[in-house]
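Reader: I am new to reading structures. Could you take a close look at one part for me, the place where the two chains meet, and then show me how it fits with the rest?

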Amino acid sequence: MTHSPTPSQTVGPFFGFALPFPLDADAVDPGDPRALRIEGQVLDGAGDPVPDALLEAWQTDAFARCRTDAEGAFHFVLRKPRPLTAPDGRAQAPHLNVTVFARGLLRQLVTRLYFPDEEAANAVDPVLNLVADPEARSTLVAANDGPGKLRFDVRLQGDRETVFFAI
Amino acid sequence: MIERRQQESIDPPYLYPDYRSTVLRAPRRPLVQIPPDFHVMPGPAFGRVPVGELDHDLTRQHDGQPLGERIIVSGRVLDGDGRPVSNTLVEVWQANAAGRYADPADQHAAPLDPNFTGAGRCLTDSGGSYRFVTVKPGAYPWRNHHNAWRPAHIHFSLFGPEFTSRLITQMYFPGDPLIPHDPILRSIPDPRGRERLVASFDFDTTEPEWALGYRWDVVIRGRSATPVEG
């Protein structure tokens with residue numbers, strides 16, 4: 001018998017007392033020499049900050065969670081993941097899976113964060129190459145923001161809308 | 001692929017204008033399809049989330065007993081084949097019996113309960129079962145439209161065996177007169193999908209002289225690695 005999945009519902013606005021946990025955004029110690037700090041902002045279709053989103057970053061050996069603040073800002077501290085092999089044998093550039101929950105999102109959104117210093121690997125990444133439009137594709141690549149720091153904004157809607165993936 | 005098509009009629013769309021907050025937050029571009037097995041899955045992703053011995057009992061997190069109707073909510077987490085998903089994290093949160101969240105963002109003029117926070121966690125057992133003790137949450141107004149009230153509900157967050165299993169949803173209570181009027185629940189196009197979110201009152205879960213029991217099973221996407229016993 002096939003069991004269809006239970007439907008999704010929004011995380012709503014009032015999860016901030018429940019889902020965050022101590023050091024949730026730091027998958028590694030910020031003092032780790034390989035630690036990268038990723039900062040970003042979640043914006044809605046009017047360009048306004050989304051102050052009640054919950055983001056999760058997933059890589060093969062780490063998980064981090066961050067609630068946005070009043071300015072829609074979030075951050076993660078983690079190590080750059082290793083390149084992966086796709087199920088079909090092709091190489092995948094190092095990336096993070098990023099999940100976004102928020103009031104007004106009846107289901108989560110899923111995007112990917114790629115690294116700006118991986119141009120050669122990004123150029124042949126099978127998932128990045130599913131996005132033909134260079135401007136849309138650029139929403140998936142973080143920007144350098146100083147030593148050990150990257151910038152990755154998530155635009156839910158409108159100009160420069162982030163590319164989201166079906167799961 | 002069949003599963004994905006079925007899910008389209010079960011899951012709500014991103015844009016559902018009757019739920020006003022979707023209008024500026026729903027992406028307008030089509031989602032890009034990638035094969036589900038392209039997603040990585042960390043070892044137990046939720047391993048960093050602390051789960052305390054009493055986190056499943058929301059009535060024992062303070063010195064006194066919370067006000068309200070004590071209830072037990074229990075059920076199983078199943079995968080797409082109907083197999084139990086053991087040892088997976090279930091997080092819940094809810095309003096108190098008066099319909100107020102212990103969250104600074106909630107400004108509803110209903111009382112807070114010093115003996116109730118309304119957040120819990122547990123891991124499913126070897127049979128995929130979870131169990132929470134709590135109080136029945138109250139309905140509350142939410143300004144989405146004139147005289148808008150959310151039906152009583154408990155938020156659930158689940159992980160499961162794969163990245164694509166991740167699910168956040170809400171459980172509702174049988175017989176709630178607000179259910180047919182709730183845009184968040186009505187965003188699910190298929191009435192059978194909406195029914196999936198309503199728990200059943202259950203005498204077997206009910207504990208005499210103590211608490212009413214509700215049963216609610218959750219099916220998540222993906223395949224559990226747990227072999228079927230017997």
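Author: What follows starts at the contact between the chains and then moves outward.

The model is a predicted one. Keep that in mind throughout.

Start with the contact itself. Which residues take part? On one side stand 65 residues of chain B, and they are in contact with 53 residues of chain A. Several elements of chain B supply at least two residues each to this side. They are α1 (2–10), β1 (32–33), β3, β8 (153–158), β9 and β12 (218–219). Strand β9(B) gives the most, with 4 residues. What kinds of residue are these? The side of chain B that touches chain A divides into 35 nonpolar, 17 polar and 13 charged residues.

Now look at β1(B). This strand pairs with a strand of the other chain, β12 of chain A, residues 165–166. The pairing is parallel and runs over 2 bridges. One bridge is easy to find. Ala166(A) has Gln33(B) in β1(B) as its bridge partner.

Next, follow β9(B) into its sheet. The sheet is open and has 4 strands, in the order β4-β3-β8-β9 of chain B. The pairing is antiparallel. Where are the edges? They are β4 (119–123) and β9 (167–172) of chain B, and each pairs on one side only. Neighbouring strands in the sheet are turned by 20° against each other on average, with direction ignored. Three strands of this order, β3, β8 and β9, are also on the list of elements that touch chain A.

Take one pair from the sheet. Strand β3(B) covers residues 89–94, and its antiparallel pairing with β4(B) has 5 bridges. Within it, Val92(B) stands opposite Gly120(B) of β4(B).

Cross over to chain A. This chain has 2 helices and 12 strands. From the N terminus, the order of elements is β-β-β-β-β-β-β-β-α-α-β-β-β-β. Its radius of gyration is 16 Å, close to the 15 Å that the globule rule gives for 167 residues, so chain A is as compact as a globular protein of that length. Its C-alpha trace spans about 45 × 40 × 35 Å along the principal axes. Buried residues make up 46% of its 167 residues. Take the contacts in chain A with a separation of 6 or more: 62% of them join residues 24 or more positions apart.

What lies inside? The largest nonpolar core has 94 residues. Those with the most contacts inside this core are Ala64(A), Phe76(A) and Val100(A). Look around Ala64(A). Leaving aside neighbours within four places in sequence, its contacts include Phe76(A) and Leu78(A). Asp24(A), Ala25(A), Asp26(A) and Ala27(A) are among them too, as are Glu56(A) and Ala57(A).

Finish with two backbone oddities. Most residues other than glycine have a negative phi. Arg160(A) is not a glycine, yet its phi is positive, about 55°. Arg160(A) sits in the loop between β11 (154–155) and β12 of chain A. That second strand is the one that pairs with β1(B). Is Arg160(A) buried or exposed? Arg160(A) is exposed, because 12 other C-beta atoms lie within 10 Å, and the cut-off for exposed is 12 or fewer.

Chain B has a case as well. Glu209(B) has a positive phi near 60° and is a residue other than glycine. Its place is the loop between β10 (200–201) and β11 (212–215) of chain B. Glu209(B) is exposed, with 4 other C-beta atoms within 10 Å.

Key
Residues numbered from 1 in each chain as written. Chains lettered and ligands numbered in written order. Predicted model: local features only at pLDDT ≥ 70, side-chain atom pairs only at ≥ 80, totals over all residues. Pairing = 2+ DSSP bridges. Axes fitted to C-alpha atoms, helices over the stretch in contact; angles between N-to-C directions. Rg over C-alpha atoms; globule rule 2.2 N^0.38 Å. Buried ≥ 20, exposed ≤ 12 C-beta atoms within 10 Å, placed from the backbone. Contact = placed C-beta atoms within 7 Å. Nonpolar A, V, L, I, M, F, W, Y, C, P; charged D, E, K, R; others polar. Core = buried A, V, L, I, M, F, W, Y, C linked by C-beta atoms within 7 Å.
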